[in-house]
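Work through these exercises with the structure open beside you. Try each task before reading its solution.

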Amino acid sequence: MIRRDALLLGLSAAFALSTSAFALDRTLTPEEQKMIADIGTHNSAIRTMVGRFLQIDTNGGRTEGTFFLERPNKIAFRYAPPSREEIVSVGSGFYVLDRREESYYAYPQDSIPLRQFLGDTINLLDANVIDVSTSDGYMSITVIDETIAGTVQVSLIFGTDTLDLVQWSLVEPSGAELTFSLYDVEKDRKIPRTYFSIPANYKPRKPA
C-alpha cells in the first residue's frame, strides 16, 4: 500500500512554517543554528534533483520508485510496479495519479505546506523544531506540524558533510510510522516538462 496521504503529510510537516503548542525544550547551540542555516542555504541552491527512493511503512512494507524535483513548486514521485500510482505537483496543486485507471485525485497547493520546501528558499529555523541531534555524520531535525489530518511529527536526517537530505521518518496522527529514504541522487539535471504535468485524458476523482 502506497500510503499517499502519509507521504504528503510527511513532506508537509517537514517543511511547513507554522506555530504549535510544541516547542524545543532547550536553546539551540550556535553550532546547531549555523548547521541548520547552512542546510537551508545549501538546499535552496539546488534547483533540480532526480533520484530513487525507498519507502518503508509501520508493517515493514517496502515501496520503491523514482523522484524528480524542480524549484520552484514542482515535484513528482513515480512508484515502481506493481504500484500504479504517481504523485505530482505542478505548482497549482498536488495530484495523485492512477496510471491504470487514468484518473487522479487533486489536493490544493495551499493545503500542503510542502510548498515551503519547493519554493526558492528554505529556512528550517522558522519551522516548529522540537528536537535536534547530531551523530555519526548526520543531523536529525524533528519538527511537529498541524496538518489537514492532525498533528504529524517528522524527523529529517541530513548529512553533516554534504548537507543533503537523506531520509525522513514521520509519525502520523494515527500513530503509524513511515520512513522515506533517498539514494542515487543527482543534482541540477534537466528534467522534461512532461514529468510535471497531468495527461489530458486523465479524469478527476474525489479522494477516498
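**Exercise 1. A lysine and its neighbours**

Which residues does lysine 187 touch, not counting residues up to four places away in sequence?

*Solution.* This is a predicted model.
- Step 1: Find lysine 187 in strand β11.
- Step 2: List its contacts, with heavy atoms within 4.5 Å as the cut-off. Lysine 187 touches His42, Ile46, Thr48, Met49 and Asp164.
- Step 3: Look at the side chains of lysine 187 and aspartate 164. They are joined by a polar contact of 2.8 Å.
- Step 4: Compare sequence with space. Lysine 187 and glutamate 70 are 117 residues apart in sequence, and their C-alpha atoms are 9.9 Å apart in space.
- Step 5: Classify the lysine. Its relative accessible area is 34%, so lysine 187 is partly exposed.

**Exercise 2. Two sides of a helix**

Decide where the buried residues of α2 sit around its axis.

*Solution.*
- Step 1: Locate the helix. α2 spans residues 30-45, which makes 16 residues.
- Step 2: Check its span. From first C-alpha to last, α2 reaches 23 Å, close to the 22 Å expected at 1.5 Å a residue.
- Step 3: Pick out the buried residues of α2. They are Glu32, Ile36, Ile39, Gly40, Asn43 and Ser44.
- Step 4: Use the arc. These residues cover an arc of only 125° around the axis, so they lie on the same side of α2.
- Step 5: Turn to the face directed away from the buried side of α2. The exposed residues there are Pro30, Glu31, Lys34, Thr41 and Ala45.

**Exercise 3. Unusual backbone angles**

Find two cis peptide bonds and two positive phi values in residues other than glycine.

*Solution.*
- Step 1: Recall the usual case. Most peptide bonds are trans, and most residues other than glycine have a negative phi.
- Step 2: Go to arginine 71 and proline 72. The peptide bond joining them is cis, with omega about 0°. Proline 72 is in the loop between β2 (62-70) and β3 (74-79).
- Step 3: Go to proline 81 and proline 82. The bond from one to the other is cis, and omega is near 15°. Proline 82 sits in the loop between β3 and β4 (85-89).
- Step 4: Check leucine 163. Its phi is positive, about 70°. Leucine 163 lies in the loop between β9 (150-159) and β10 (165-171). Its relative accessibility is 15%, so leucine 163 counts as buried.
- Step 5: Check aspartate 184. Its phi is also positive, near 50°. Aspartate 184 belongs to strand β11, residues 177-187. Its relative accessibility is 54%, so aspartate 184 counts as exposed.

**Exercise 4. Cores and the whole chain**

Which residues touch the most other members of the largest nonpolar core?

*Solution.*
- Step 1: Examine the largest nonpolar core, with 37 residues. Phe77 and Ile141 touch the most other members.
- Step 2: Ask which element gives the largest share of this core. It is β9, with four residues.
- Step 3: Look for a second core. It is separate, has 10 residues, and includes Phe68, Tyr95, Leu97 and Ile191.
- Step 4: Step back to the whole chain. It has three helices and 12 strands. Of its 208 residues, 48% count as buried.
- Step 5: Look at the contacts with a separation of 6 or more. Residues 24 or more positions apart account for 56% of them.
- Step 6: Finish with the surface. The accessible surface of the protein chain is about 10300 Å², and 50% of it belongs to carbon and sulfur atoms.

Methods: Residues numbered from 1 in each chain as written. Predicted model: local features only at pLDDT ≥ 70, side-chain atom pairs only at ≥ 80, totals over all residues. Heavy atoms only, no water. Helix = DSSP H or I, 4+ residues; strand = E, 2+ residues; numbered from the N terminus. Expected span 1.5 Å × (residues − 1). Buried < 20%, exposed > 50% of the residue type's maximum accessible area, 1.4 Å probe, protein only. Arc of directions from axis to C-beta. Polar contact = N/O pair within 3.5 Å; in protein donor to acceptor, adjacent residues only side chain to side chain. Core = buried A, V, L, I, M, F, W, Y, C linked by side-chain atoms within 4.5 Å. Areas by Shrake-Rupley, 256 points an atom, 1.4 Å probe, with all protein chains shown as cover.
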